[in-house]
Amino acid sequence: MIEFLQQAITGMMIGSLYALVAAAIVLVYKSTHVVSLAHGQLVAFGALFFWLFIGGLGLPFWVGIIPAFVLTALIGLLIERLTLRPLIGQPLIAAFLMTFAIFLVLEGVFVLYLKGETRTLPAFLPEGNMDISGISVPINQFIGFLAALFLFAALSLIFKYTKIGLGMRATAEDHRLAQGTGITVRNIFSYIWVLSAIVAVVAGIATANVMDIYYMLPYIGISGLIVAICGGLDSLLGALVVGLLLGVVENVGAAYLDPLVGGGVKDVAAYVVLLLVLLIRPYGLFGLVRIERI
Amino acid sequence: MSQDKHNAAINIEGISLRFGGVQALNDVSLEIREGEILSIIGPNGAGKTSFFNCINGFYHPYKGEILYQGKDLTRLKPHKIASLGIARTFQNIELFSGLSALDNLMAARHIHMKRGALSGCLFFGPTRKEEIANRERIEEIIDLLEMESIRKKVVGSLPYGERKKVDMARALCMDPKVLLLDEPMAGMNVEEKEDMARFVLDIFELKKIPIVLIEHDMDVVMDITHRIAVLDFGTKIAEGLPGEIKNNERVLKAYLGEE
Amino acid sequence: MGKRSAIFLSIILAVCLSISGLSSSSFAKEVAYLSLADYTGPIAGLNVPGDMGLEDVLKETNAKGGVDGVKIKFIGIDTRYDVARAVSAYKRYRRTPRLLVVNSISTGIGKAVARLIERDKRLQLVPGDGEFQAHIQRTFIWGPAYQDAFAATLDWIMDDWKAKGKSGAPVVGYLSWDNPYGREHLRGGKEYAAKLGIKFLPPEFFPPGTLKHDVYLTRLAKAGAHYIHAGGVDPTPTNVIRDAYALGITKKIQMTTDYWGPTALGIGVHAKALEGTVITSFYQRGDESRNNPFVADLWKKYRGSMAKFNEVYGMGMSWGMTYVAALKVALKTVGYDKLTPDDMYKAYQKITGFDKQGIQGACAYSPTSRRGSLEVKIYRVKNGKIVPITGWRKAPDAVSLHKF
Amino acid sequence: MRPCGVFDKSYGLDIAIIRTWQHWVILISALILLFLFPLFGSYYIISFMNYLAISVIVGLGLQIVSGYCGQISFGQAAFMAIGAYTSAVLTIKFGVSFWIALPLSGIMAGLVGIIGGAPSLRIKGMYLAMATIAIHFVVIWLILHMEITGSFKGLFPPPPSLGGFEFDTDERMFYIIMTVMVIMTYAARNLVRSKVGRAFVAIRDNDLAGEVMGVNLYYYKLLAFFVSCFYAGIAGSLWGHLITVVNSEQFTLMHALEYIGMLIIGGMGSIPGVFFGVLFIRILNELVMFTSPLLAKAVPWLGSSPAAALGLVAFGLALIIFLIFEPRGLAHRWEIFKASYRLYPFAY
């Protein structure tokens, strides 16, 4: 039992990273109805910028994180302005493919910059493990986990209680209606991309803390997208719950199924989960079921 | 009203339909008879389109039966019902917007074409013959609805009235045995409406098939239909000849509200 | 076939003809070296510095007037770990005048190109797949095969086990990428472990880019592993060992890696976690490489400051050095005008014993050996530095133990 | 292409693709030229054309399921893998001749495609695209973890032979590949203008209306997947026998994404669009390959060999530009050109 819990907790720590990426994707989907493949790159660039200021220039954490936020938000803003805005009114699949194109461009720039090297974030969080009744948890990952929870709470508060949040919710329901009630939908789109980029930076820093910054980093975007879809795309709660769950499923699956099938369960666990969810509940575990009108 | 007297085409017996908490149709019975134009009227949200959707299989009522040629349609899929010869049009024009008008109509010949994928790949001999034969068939309908000029235009770019026409022509191309028209004249000006009404009558004259019409324009309804059924909040509140309906108190109440 | 298609085909033809006109140009007295390398994919960390070393050796040779007046052209193609891209790149450059050697830096690509190489009677270099030693053909490997080096690690493990005064057999765990490369070590390595009487745990495989490796590490630790071998190309082994360190199992379990394990650059950042890690390498690592004047001078000349020096650069240099050596032999035998890739193939088999300036053991290519060298050195991370704990020692032949 | 003043005098003529004797001349001479090509083309061009033709076959399949039937599939590379492996297993382990293995591998891929396409019965659009990505990874995982596929070692299918004649070079394979491509193009072009093709488009444009017209959505969606994967399987088999190696690293998600990109640039829902898209992407790639060393010399920051990374950037930018400015792809431009040629020399 204690071993199972240990695996589950470890999975949950990874899952919180997925959840963060998924949250960034959900934010964008909620108000713009764009499903984004590009967020993996925002995550990677967020981590890279952070590294530039912390590792490269040696700034302290709280100073270094601000330009990382600003620069990544700028990328988010540019994506929205230059590529997605012209597509308003086009079929949604076009926007999906557009984010895929953006992924390619950013991926090219990312690997061009790295040239096969690895960038490592300096240790800015306390190291070591804590021991909770036999289950050991690395402190820096636990802080990342708490940051994720905090961010989720903050996001739902923003959505619930601020004016911009209200605008975002209204926009999510119906673009035209929102426009009609005096909300500048275009501004909302920009805000949402900025907000989403900020979440992506946090996700990027937390991920780079675990896996370093290299070629594979942007691909966490795919895991994030899987989580977002399984959670229901318009549900922050879904992103959190499914993110944590997926981390657990992957880890526990690898722990108990690997010996049975000869290894490699982690390769496919997420995809199998995605297929199952899509077949059983196409609109995700926490998503709104929409009735198709004729 | 018994079947033998009027020769019913479709017999709808007490169908009920529910979405969540909303009772869309409540125990509606109706007979669509051979050789008549039947109108279904009622205020917005009365369940008229849901009624159509039940007949052609988009929705499956939880109670009641829809009998057509002795067959129960309630559990069948839409494409099965279509192949039995029930065609319909849509309130909000649902065309294949990427195809030309001609191909839209050819697509409607689907149930009459027998050649499969493999011979389609070869497009040789029988397939070609079949294509041409069906093409001749739809040219008749193009002539009937006077749409020669838009034959090769992509329907997405056509004006509203023309698209409505394509929608109707497409239903006709199926060589239907029953035709359901969902607000064919909505959003049209008077001239277009007159044209449309003429087409409906032409079709009826030519094919002698029962036509069911959902329509808001009372003048048209009173002019061209033989019988009228009235729905309100999912319930059939009246049925009868145009003259009877005009003076029916419940109908007036439904339209004008309670005094 | 429609009229449209007809016209398209003519366009294809026109475009192709014009490209074929463009691409047919040749130079005087030049031979070519094609590197199909992954500069932007999962094993870029190895290929980029490797090809730098290679390129610089060739540049240096050209600067000194080439080999008997023959200059060497370096063609580097980024394959992105993509077999299709690599194969089509090979086909594109296949008819490059006097393309003598193809260096395919990835297991999948190497195996795909090997067939074509065979057909074209050319020569290919690949990292370390024992398969090519088992079936002697025209594909050569850089050093000892993966399984040989792994067997050398096992040898060291036995030594270490005895040195610690333990009795019984050590238990060894293995975890690596879930792909062809990750499994190559075991073809022969497993048999060798059995021969030594080592208890070999069921191997663990994970996808490249896995975030945490705790599951695999704890399972191996639970099964009683005394040694865990972390596969994959850096930064994967580094990340695996970091996870092991975070789990606290590096205290009890000795971590080992093969020659794509942590480099001095990565160790500088994760010194604490990697402390004590054992690296089995067929080329010089760490300060040894950095202080090798032959290597350092070339780096300084072409790449500047030593701050970003990566010892894989040295390994790349050894590819270039063997190429130059073999070219000398080939030119001596047939001369430039008659030089064919097949002559180069023969020449590579004649440079047995060629000295690689200490970067790597003596060249071992011969008609019966596809191994670039036979020796490995065992290194250990001590105080953030990679320190040799043995001299060059001969890696056991594990390839012959497996039925390929 | 037809000049002004040529009219259709019968319905048969109206649906014909080749209308005048000039068309026949162009078509036949182009075909003859194509098949004589290995006699005067350079090796590089021939192997490039082989690659193009295989891509065209995959693209045609994808065009049918995604462009015509509207079911965006990112699984094309995986289905190619199934074709390649089926063919390899049949020829190596069961000694089946290539000529029988080729269609069988298409059918096998098609059958697996039906399973892979099953989610399309419940989900569409982006959800389906994600499901096909999942299917890609599951298929590749299975290939890597099964014995019959040679697991991680891969398989080495022999080159095809016919009565002792070995098709063991690119020049020789050229004839097989081009013949198959021509046949597959012919079949695809006809399929999409027949009843089945119209049913596909009906599903894409308006699945509800399609149902009302009597189109069995389940049947036709699965048929579209079958056909599409059949094409991918055939292409995979050809590819395997061309390079005589199949292993699990050969079929990546990136390839599948590339094919979708080709359709976007070439034009969704158009057979010539496949040719345009394949040519555009492959030639763009070659251009980047040729120009990147020069660029790298001019801008040292780019490193020694930036071709793949620059290729990604170029591909991505091309996609962005097409999605914004010409979402209907090059095929649309081509239609406009044809229409104006048809009217020439009159303005209307």
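Does D:Glu258 count as buried or exposed, and at what relative accessibility? In this predicted model, D:Glu258 has a relative accessibility of 12% and therefore counts as buried, since the term applies to values under 20%. The residue belongs to helix H10 of chain D, which runs over residues 253-266. Leaving aside residues up to four places away in sequence, D:Glu258 is in contact with D:Ile281, D:Arg282, D:Asn285 and D:Phe315.

Another helix of chain D, H2, covers residues 21-40. Its length can be checked by simple reasoning. The helix has 20 residues, and at 1.5 Å a residue it should span 28 Å. The expected value is 1.5 Å times one less than the number of residues. The end C-alpha atoms of H2 are in fact 28 Å apart, so the expectation and the model agree. The helix nevertheless bends by about 35 degrees at D:Leu34, and the proline D:Pro38 follows within four residues. Both D:Leu34 and D:Pro38 are among the buried residues of H2(D). The others in that group are D:His23, D:Leu27, D:Ala30 and D:Phe37.

The cysteines come next. Over all chains, the structure holds zero disulfides. D:Cys69 serves as an illustration: the closest cysteine sulfur, in D:Cys229, is 12 Å from its own sulfur, which is too far for a bond. A disulfide would require the two sulfur atoms to be within 2.5 Å. D:Cys69 counts as buried because its relative accessibility is 0%. In chain C, C:Cys363 also counts as buried, because its relative accessibility is 3%.

The discussion now turns from single residues to the contacts between chains. Where chain C meets chain D, 48 residues of chain C are in contact with 65 residues of chain D. Together these two chains bury about 5,500 Å², and carbon and sulfur atoms account for 67% of that area. Three salt bridges are counted between chain C and chain D. A salt bridge joins the side chains of C:Arg92 and D:Glu286, with a distance of 2.7 Å from N to O.

Chain D also has a contact with chain A. The area buried between chain A and chain D is about 3,700 Å², with 84% of it on carbon and sulfur atoms. Between chain A and chain D, the count of salt bridges is zero.

Note on methods: Residues numbered from 1 in each chain as written. Chains lettered and ligands numbered in written order. Predicted model: local features only at pLDDT ≥ 70, side-chain atom pairs only at ≥ 80, totals over all residues. Heavy atoms only, no water. Helix = DSSP H or I, 4+ residues; strand = E, 2+ residues; numbered from the N terminus. Buried < 20%, exposed > 50% of the residue type's maximum accessible area, 1.4 Å probe, protein only. Contact = heavy atoms within 4.5 Å. Bend = angle between axes of the 7 residues up to and from the residue. Buried area = accessible area lost by both parts, 1.4 Å probe. Salt bridge = Lys/Arg side-chain N within 4 Å of Asp/Glu carboxyl O.
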